[in-house]
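Colleague: Before I plan any work on this protein, I should like to go through its model with you. Please take the whole chain before the single residues.

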Amino acid sequence: MANYKSDLLNLLDERGYIHQITDASALDALASKQIVPGYIGFDPTAPSLHVGSMVQIMLLRRLQQTGHKPIVLMGGGTGKVGDPSFKDEARKLMTVETINGNIASIKRVFENFLTFGDGPSDAVMLDNAEWLDALEYLPFLRDYGQHFSVNRMLSFDSVKLRLEREQSLSFLEFNYMILQAYDFLELSRREGCRLQMGGSDQWGNIVNGIELSRRVDGTEVFGVTTPLITTADGGKMGKTMSGAVWLNEAQLSHFDYWQFWRNTDDRDVGRFMRLFTDLPLDEIARLEALQGAEINEAKKVLANEATALCRGRAAADAAAETARKTFEEGAAASADLPTVAVSGGSIGIVAALTQAGLAPSNGEARRKIAEGAVRINDEPVRDEKHEVTVGDTPVKLSLGKKRHALLTR
């Protein structure tokens, strides 16, 4: 661990958030003597962010916890272009109405993590459409285009990988990094912003903004990136059999959100507690040291704390109680229960078995039903045409005594 002077960098370091810092000693000195406004940008590509954005949201929370000012920047302007970083192809362009609707929906989740207001360390939410929509093309090119080296932009991994794969990178997308750099300059001028944070894939974009602020205004600003968060088995954080793990309740139930954290790999429990909860480090050390079946208790604590932050304590408690009731008769021994989201409120029993991964094929599912090995909420099902109705409470699907899954809406 590095020996920092500021509470901010010490907290980020000891909890595992730091991948790169542009000038650690200068940022450390600044954070030790004044409130540092810092921002992260979020593009409104859907009505909800997903768990993949949680590290960035928690970064803003850590910023505020150490007395600094979080700026949530919604990409109402850049969302019209789309970030090409590490994407295999261009994003589909959204209408202004879709973008604005997504922003309104996304805003709600931040209120659970940050305190907004007019105070010196209160969070603010801004939309870069406020200044990007007003830009005039020729004056913008004249004033800022001279500060960007195309040679340098082509060297950034996010661009280089696309070109190496011989995948098209449009001029529209290439402009994204210029617009993001300009965002940092605008926030520096408008809000006194001195720090941009983001994932490791944003390093090139952040460095562009730092250099633009220095060249145009002579302002010293900083960047911090986080490591790519993968699971112990090498998978991408937040990707499950059932799809993305959404932060908004309208896209994912409280129970499914809780269950995602409950299903964490044993090897990830301590790391995820440091990143995604406010639990003290000594308590995390105690919990991650648990062995055997006891580690499941640590996973429940992780699920409770992560869900309480995002959805509220009442939602976390209700989800935990639903899980207890659902699995109290033996199913709790399964540490990695698959969850199937059922659209329309019902699903055929054969489809449920195959989608949950309990049966490898429709034929095998029918055979198990005929054998009497399949149960819904512990009641045997012998009709292969049976339709399972799923309401607000998850339905337990079982094959034999030890294999279980949840059906949720």
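The exchange below moves from the overall fold to individual positions.

Colleague: How many helices and strands does the secondary structure of the protein comprise?

Modeller: This is a predicted model. Its secondary structure comes to 18 helices and 15 strands.

Colleague: Why is the protein described as being as compact as a globular protein of its length?

Modeller: The globule rule gives 22 Å for 409 residues. The radius of gyration of the protein is close to that value, so the protein is as compact as a globular protein of that length, with a radius of gyration of 24 Å.

Colleague: What does the C-alpha trace span along its principal axes, and what percentage of the residues is buried?

Modeller: Along the principal axes, the C-alpha trace spans about 75 × 45 × 40 Å. A residue counts as buried when its relative accessible area is under 20%. Of the 409 residues in the protein, the buried ones make up 50%.

Colleague: What share of the contacts with a separation of 6 or more joins residues 24 or more positions apart?

Modeller: Contact here means heavy atoms within 4.5 Å. Among the contacts in the protein with a separation of 6 or more, residues 24 or more positions apart account for 73%.

Colleague: How much of the accessible surface belongs to carbon and sulfur atoms, and how far apart are the mean positions of the positive and negative charges?

Modeller: The accessible surface comes to about 18700 Å², and carbon and sulfur atoms hold 49% of it. The protein has 46 positive and 55 negative charges. The distance between the mean positions of these two sets is 3 Å.

Colleague: Over which residues does pLDDT stay under 50?

Modeller: The mean pLDDT of the protein is 88, and 93% of its residues reach 70 or more. Where pLDDT is low, the predicted coordinates should not be read in detail. A stretch for which the model has twelve contacts beyond four places in sequence stays under 50, namely residues 329–336.

Colleague: Is V159 buried or exposed?

Modeller: V159 is found in helix α8, which covers residues 157–164. Beyond its neighbours within four places in sequence, V159 is in contact with M153, L154, L169, F174 and M177. The C-alpha atoms of V159 and L169 are 7.9 Å apart, with the two positions ten residues apart in sequence numbering. The relative accessible area of V159 is 1%, so this residue is buried.

Colleague: Which residues does I295 touch, not counting those up to four places away in sequence?

Modeller: I295 lies in helix α15, residues 295–311. Its relative accessibility is 5%, so I295 counts as buried. V381, 86 residues apart from I295 along the chain, has its C-alpha atom 33 Å from that of I295. The residues that I295 touches are D266, V269, L287, E288 and L290.

Colleague: How far apart in space are G209 and Q180, C-alpha to C-alpha?

Modeller: G209 is placed in helix α11, residues 203–217, and counts as buried at 0% relative accessibility. Leaving aside neighbours within four places in sequence, G209 is in contact with A181, F184 and V221. G209 and Q180 are 29 residues apart in sequence, and their C-alpha separation is 6.9 Å.

Colleague: Does R142 count as buried or exposed?

Modeller: R142 lies in helix α6, residues 137–144. T393 is 251 residues apart from R142 in sequence and 59 Å apart in space, C-alpha to C-alpha. The relative accessibility of R142 is 57%, and the cut-off for this class is over 50%. R142 therefore counts as exposed.

How values were computed
Residues are numbered from 1 along each chain as its sequence is written. This is a predicted model: local features need pLDDT of at least 70, side-chain atom pairs count only at pLDDT 80 or more; totals for chains, interfaces and linings use all residues. Side-chain values use heavy atoms; hydrogens and water are left out. Helices (H or I, at least four residues) and strands (E, at least two) are DSSP runs, numbered from the N terminus. The radius of gyration is taken over C-alpha atoms; the globule rule is 2.2 Å times the number of residues to the power 0.38. Buried means under 20% relative accessible area, exposed over 50%, partly exposed in between (1.4 Å probe, protein chains only). Accessible areas come from the Shrake-Rupley method with a 1.4 Å probe; for residues, only the protein chains shown count as cover. Lys and Arg count as positive and Asp and Glu as negative; His and the chain ends are not counted. The place of a charge is taken as NZ of Lys, CZ of Arg, CG of Asp or CD of Glu. pLDDT is the predictor's confidence in each residue, from 0 to 100.
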